[in-house]
Every structure is written in C-alpha cells, then in structure tokens.
Amino acid sequence: MRIVSAQELEKWLESGRVLEKDARGPKVVALDDGRFLKIFHTRRHPLLARLQPAARRFCRNAGELGQRDIRTLQVIETFWLDRAAGLSGCLYRPLPGISVEQLYRQEPQRITELLPALAGFIRHLHERGIYFRSLHLGNIIRMPDGQFGLIDILDLRCRQGALSAWQVKRNLGHLRRYLERRKLTDFPFDALCELYRHPARSPASPPALATTGKAK
C-alpha cells in the first residue's frame with residue numbers, strides 16, 4: 001500500500017464533509033468528487049496493525065461479499081496514513097440508498113411491508129456464511145432498486161458453508177442489543193425472527209421504496 005502524504009490527507013479533510021468522527025478524529029469523510037475517505041483508527045499494537053492493516057481487511061471483505069452476490073460498497077484504493085502507527089485508510093464509492101434505521105425512524109409504520117424482505121436478506125447472509133458482528137439497521141442499506149446491501153464491513157467474517165444455529169442465534173442477538181442501545185425497542189424484532197425462521201409464511205417481497213441520498 002502506498003503512503004499518503006500529510007498534505008494530501010489535509011486536502012481531503014479540508015475539502016470534504018466529515019460524516020463520522022470520534023475522539024481520535026474523523027472516521028468517514030465525503031469528498032467533493034463523490035468518493036468517501038475512511039480512516040481506520042486502531043487500538044491494536046502498531047506492529048499488529050502493520051501486519052494486518054484494517055484497510056486491507058475492509059477491501060478483502062468487500063471482495064468476499066461480491067463473490068457471494070451480496071451488494072456492498074466499492075473500494076477504490078487502500079493506503080497508509082501513518083504506517084509507523086499502523087493507521088490505514090481507503091477510498092471507496094458508497095452504496096446508494098438509505099439505511100433501514102433511517103427508513104424506520106422516518107416512517108416506522110412502513111416497516112411491516114419491509115420486514116419479510118429484510119428477514120430474507122439476513123437469512124441470505126447466513127446461508128452464504130456471512131457472520132457480521134455489526135449486523136444492525138444502520139449497516140443494512142435499502143437501495144433504489146429495492147434490494148439490500150451492507151456497509152461498514154470491517155468486522156465481518158466469511159465462512160465456508162452456512163452459519164450454525166448457534167452462530168445465527170448469536171448474530172441475531174447482536175441486532176437485538178443494538179436496538180436496545182439505540183432505543184428502538186418498538187422495532188418488531190420478534191416478528192423479524194419469526195419471518196427469518198419461517199420464510200414460507202412470508203408474503204411476497206414489497207415493491208422498492210423510494211430512496212434518496214447515499215449510504216456510508
């Protein structure tokens with residue numbers, strides 16, 4: 001991976017719009033040309049971070065999802081921002097659409113028509129061996145064509161074969177806890193799980209919802 005100069009990084013930060021940040025600084029920046037800059041701050045020892053750069057893992061996960069016919073963002077380039085500290089980054093093209101969490105907050109009454117397709121998408125992930133610890137409504141995108149995709153895919157593992165029943169239960173547990181943390185306790189989680197377990201009872205997938213904007 002190439003090393004991005006301090007001047008190039010400063011130019012990106014000055015011209016871009018910070019979408020996510022924490023105490024360590026910007027994490028996701030929307031650039032004026034439509035690309036997104038993602039900065040992978042790490043708490044790992046610099047040696048480990050250099051051996052297994054987060055940006056490279058992020059790019060690999062995007063490729064694995066593509067091979068399994070799961071829509072996700074398109075990584076353009078990975079690079080070092082501070083190699084000595086193990087700080088890596090990437091440029092990518094975002095997935096168009098809106099997160100399921102945004103949809104639910106804007107029009108909670110419409111989630112019923114979306115629920116069967118959402119359950120089917122999560123089941124599709126698990127059947128293809130995708131264990132996504134950050135599986136939550138903010139990372140699942142409803143695209144303009146009515147399909148779903150994933151973003152923020154760093155802590156994702158791709159396994160050979162479908163997930164076990166234990167892994168499925170654990171993964172859905174992450175989603176339940178996310179809903180509690182985000183105070184989305186009115187979300188019909190139990191109905192989602194029922195549709196996940198019994199897809200034959202699901203009605204036909206709803207038509208695409210009108211969406212605007214781009215997802216991170």
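Where is the place of Asp69? In this predicted model, Asp69 belongs to the loop that links helix H3 (54–67) with strand S5 (71–72). The legends below begin with the chain as a whole and then move in on single spots.

**Figure 1. The whole chain is built from seven helices and twelve strands.** With a radius of gyration of 18 Å, against the 17 Å that the globule rule gives for 216 residues, the chain is as compact as a globular protein of that length. Its C-alpha trace spans about 55 × 35 × 30 Å along the principal axes. Of the 216 residues, 46% count as buried. If you look at contacts between residues at least 6 apart in sequence, 65% of them join residues at least 24 apart. The accessible surface comes to about 11600 Å², and carbon and sulfur atoms account for 49% of that surface.

**Figure 2. Six strands line up in an open sheet.** Follow the strands across in the order S1-S6-S7-S4-S3-S2, and you will find that the pairing is mixed. At the edges sit strand S1 (2–3) and strand S2 (17–22), each of which pairs on one side only. Within the sheet, strand S4 (residues 36–40) and strand S7 (residues 87–93) run antiparallel and are joined by five bridges. To find one of these pairings by eye, start at Phe36, whose bridge partner in S7 is Tyr92.

**Figure 3. Helix H1 lies across the strands.** Helix H1 (residues 6–15) lies across S1, S2, strand S3 (25–30), S4, strand S6 (74–82) and S7. Relative to S4, helix H1 runs at about 120°.

**Figure 4. Two loop residues, Asp69 and Lys183, share an unusual backbone feature to look for: a positive phi outside glycine.** For Asp69 the phi angle is about 60°. Asp69 is exposed, with a relative accessible area of 66%. For Lys183, phi is near 60°. Lys183 is found in the loop between helix H6 (165–181) and helix H7 (189–197). Its relative accessible area is 72%, so Lys183 is exposed.

**Figure 5. Ile130 is a buried residue in strand S9 (residues 130–132).** The relative accessibility of Ile130 is 1%, and because buried means under 20%, Ile130 counts as buried. Leaving aside residues up to four places away in sequence, Ile130 touches Leu65, Arg68, Ile70, Leu125, Leu156, Arg157, Cys158, Leu163 and Asn171. Now pick out Lys183 from the previous view: Ile130 and Lys183 are 53 residues apart in sequence, and their C-alpha atoms are 26 Å apart in space.

**Figure 6. The cysteines form zero disulfides in the whole structure.** Why is Cys90 without a bond to Cys59? Cys59 holds the closest cysteine sulfur to that of Cys90, but the two sulfurs are 7.6 Å apart, which is too far for a bond because a disulfide needs sulfur atoms within 2.5 Å. Cys158 is in no disulfide either, and its nearest cysteine sulfur, also that of Cys59, is 13 Å away. Are Cys90 and Cys158 buried or partly exposed? Cys90 has 0% relative accessibility and so counts as buried, whereas Cys158, at 25%, counts as partly exposed. You have met Cys158 already, as one of the residues that Ile130 touches.

How values were computed:
Residues numbered from 1 in each chain as written. Predicted model: local features only at pLDDT ≥ 70, side-chain atom pairs only at ≥ 80, totals over all residues. Heavy atoms only, no water. Helix = DSSP H or I, 4+ residues; strand = E, 2+ residues; numbered from the N terminus. Buried < 20%, exposed > 50% of the residue type's maximum accessible area, 1.4 Å probe, protein only. Pairing = 2+ DSSP bridges. Contact = heavy atoms within 4.5 Å. Axes fitted to C-alpha atoms, helices over the stretch in contact; angles between N-to-C directions. Rg over C-alpha atoms; globule rule 2.2 N^0.38 Å. Areas by Shrake-Rupley, 256 points an atom, 1.4 Å probe, with all protein chains shown as cover.
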